[in-house]
Structure formats: structure tokens, C-alpha cells
Amino acid sequence: MGAIPRPQRHPQMTKIKIGLAGCGFVSELHMYAYRRVYGVEVEVRAVAARGDHVNAFARKHQISNAYRSFAELVADRELDVIDICTPPNLHAAMIVEAMQAGKHVICEKPFSGYFGRDGDKAPIGKHVPKALMYQRVMEEMEQTRAAIERTGRLFMYAEDWIYAPAITKTAEIIRATGDKILFMKGEESHSGSHAAHAAQWAMTG
């Protein structure tokens with residue numbers, strides 16, 4: 001059996017230039033995914049992170065520019081898309097900053113979360129009511145959504161579970177019937193987060 005030919009790329013196709021925020025485990029996954037993209041030309045042109053390891057990451061993946069701040073990444077006029085692969089507590093602010101600068105945005109899950117506020121007693125998970133966390137997260141998400149819509153840029157959420165057959169079928173039924181969800185249960189199992197900050201509520205919620 002012969003090799004399967006790769007899809008042909010149109011010679012006039014515009015190349016999409018991407019800036020990566022973060023250079024940890026998730027960023028490695030995104031780099032792997034970008035190498036598998038077909039039907040459109042993409043190039044990760046820049047990466048930004050605070051630590052020295054950003055330079056090693058850039059060399060490993062042959063990325064032209066390595067920045068030490070998110071502001072520098074967003075200010076790069078050559079970039080079309082900012083791909084956010086940072087700890088969750090940074091997501092909402094980075095989304096808004098990048099899109100207000102005219103960039104399209106891809107953001108790794110989760111979109112948001114409750115990371116604590118001044119005056120919260122530690123440990124947050126035991127002392128802040130879940131209902132209050134939910135209320136505050138929904139308020140922040142609504143503010144972020146409104147800011148996104150005002151920019152006119154594209155926001156893309158990197159969470160593949162929303163495309164799982166069970167989820168898409170549920171959404172289809174709800175749209176068709178107009179009914180409310182009374183009870184939903186799901187389960188996911190894996191070895192846990194690969195990030196050191198995962199155990200810190202203030203960073204991951």
C-alpha cells in the first residue's frame with residue numbers, strides 16, 4: 001500500500017501567524033497539533049513566558065521570537081492569533097487584552113474559574129460557599145464575553161469535550177425542545193494535571 005498523500009496547499013493561501021502564551025505541558029500539545037494542521041498554512045512565530053525556559057522551548061520548536069512578557073507578545077504586529085496556554089487564573093485577562101489589541105484568540109481550558117478574592121479565608125474550598133463561587137465566576141464570564149463581542153475578533157475555546165457525541169446530541173435535543181436540564185452526570189478519569197501549579201487554588205481554581 002502506498003503512502004497517503006498530504007492535502008495540497010493552495011499557493012496563494014495566507015499564512016496564519018500564531019503567538020503562543022506559555023511554554024509548559026499544554027504548549028507542547030498545541031505545538032504537536034499545529035504540525036498536524038492541514039488545509040491552511042500556520043506558523044507559530046513567537047512564544048512568551050516569564051522563565052528562562054522560554055528560550056529553550058523556542059529553539060526546540062524553531063520559533064523565531066521568544067518574549068519574556070505577554071505584553072510583548074500581544075504587541076507583535078506580525079501575529080494574527082494568540083494561543084493562551086497559561087495557568088487558568090490568567091485566562092480571562094489575557095483573552096481580553098489580546099482581543100482588544102486586535103488579535104484572534106485560542107484559549108486552553110478552562111475558560112475561567114474561581115481563584116479567590118481578597119478576604120477569602122483559606123483554604124478557599126472549605127470556607128467559600130460553592131454557590132458564591134459559581135455566582136462570581138458567571139459574572140466574570142459574562143463580563144469577558146461582552147468584552148470579546150465588542151472586539152469583533154474570533155474567540156476559539158480549546159476544549160474538545162464539547163464536541164463529544166453525547167454532548168452534541170444533548171445540545172441538539174435542548175435546542176429542538178426548548179426544555180431545561182434537570183439532571184446531568186458525567187465522569188472523566190486521568191492521571192491528574194501535569195503542572196506543578198495545579199495544587200494551588202489561586203492559580204487553577
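Buried means under 20% relative accessible area, exposed over 50% and partly exposed in between (1.4 Å probe, protein chains only). This is a predicted model, where local features need pLDDT of at least 70 and side-chain atom pairs count only at pLDDT 80 or more, while totals for chains, interfaces and linings use all residues. Residues are numbered from 1 along each chain as its sequence is written, and side-chain values use heavy atoms, leaving out hydrogens and water.

**View 1. The two sides of helix H2, residues 53-60.** Helices (H or I, at least four residues) and strands (E, at least two) are DSSP runs, numbered from the N terminus. Here Val54, Phe57 and Ala58 are buried. They lie on the same side of H2 because they cover an arc of only 100 degrees around the axis, taken from the directions from the helix axis to the C-beta atoms. Turned away from that buried side, you will find exposed Arg59 and Lys60.

**View 2. The surroundings of H2.** Its buried residues pack against strands E1 (15-21), E2 (41-48) and E3 (65-67), and against helix H1 (25-35); contact means heavy atoms within 4.5 Å. Just after H2, look for Gln62, with a positive phi of about 55 degrees.

**View 3. Cys85 and Cys107.** Counting cysteine sulfur pairs within 2.5 Å as disulfides gives zero of them. The sulfur of Cys85 is 8.2 Å from its closest cysteine sulfur, in Cys107, so it is too far for a bond. Cys85 is buried at 9% relative accessible area, and Cys107 is buried at 0%.
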